[in-house]
Amino acid sequence: MTAALELPKLRRFRLVANGLTATKWDTPEDKAKTGNAILAFIAKGMREEVFSKTLYRRVCQMWGFIACYNRDGFAGRYFGSTQGKIAFLEHIARHRCYGDPEWTWSDVERCLRDVLHEHQICAFYRAELRREQNEREKATLRALLSRHGLPPDLAPAEMRISAVLTPPASRAAPTQMGLL
């Protein structure tokens, strides 16, 4: 099970072009538009199936990510599980955003990193991971209890007394099996 946490508060934040620097290849409007698309993707729960090739091309060049073989590899690694999503967010949170904004997208990287930090997005996903782990452990416990029953030392007192008073089922005497 993978979490798709919807974060409506994050959707309200918008990057504006007048705070960004143009590069030789991209206008501040391009940077703002793509930055807002990345924020919207995160706000909608980072679902693997909606991670587009356009987002992949940009994100794999930001925050020091190394491009995977293709979009599916990147999406599978980072958006296929809650742990992957946490790894993605923590990678962004740790990145120092190097480079001159006239040549890189470091201004967008820094702004998005700060927004994610301010809204404590990593903490939301860590809490979801703990909840998922708790649910898995409860399911395992239910399966074990249905298979093996409650241990005698944890059974209610009346069950323990009846177990002591009930004679064990008789077993047939073991037999030696011959080879011939």
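**Helix H5, the nonpolar core and a surface patch**

In this predicted model, helix H5 (residues 82–94) comprises 13 residues and spans 18 Å from its first C-alpha to its last, close to the 18 Å expected at 1.5 Å a residue, where the expected span is 1.5 Å times one less than the number of residues and helices are DSSP runs (H or I, at least four residues) numbered from the N terminus. Local features need pLDDT of at least 70, side-chain atom pairs count only at pLDDT 80 or more, and totals for chains, interfaces and linings use all residues. Residues are numbered from 1 along each chain as its sequence is written, and side-chain values use heavy atoms, with hydrogens and water left out.

The buried residues of H5 (under 20% relative accessible area, 1.4 Å probe, protein chains only) are Thr82, Gly84, Lys85, Ile86, Phe88, Leu89 and Ile92. Their cover, by contact (heavy atoms within 4.5 Å), includes H2 (28–43), H3 (53–59), H4 (71–79), H6 (106–118) and H7.

Phe88 and Leu89 also appear, with Leu10, Ile42, Phe51, Phe74 and Phe79, among the residues with the most contacts inside the largest nonpolar core, which has 37 residues; such a core is a set of buried Ala, Val, Leu, Ile, Met, Phe, Trp, Tyr and Cys residues joined through side-chain atoms within 4.5 Å. Helices H2, H3, H4, H5, H6 and H7 each supply at least two residues of this core, and the largest share, six residues, comes from H2. Leu10 touches Leu39, Ile42, Ala43, Val115, Leu116, His119 and Ile121, residues up to four places away in sequence not being counted.

Leu150 lies in the loop between H7 (121–148) and H8 (157–165).

How values were computed:
Buried < 20%, exposed > 50% of the residue type's maximum accessible area, 1.4 Å probe, protein only.
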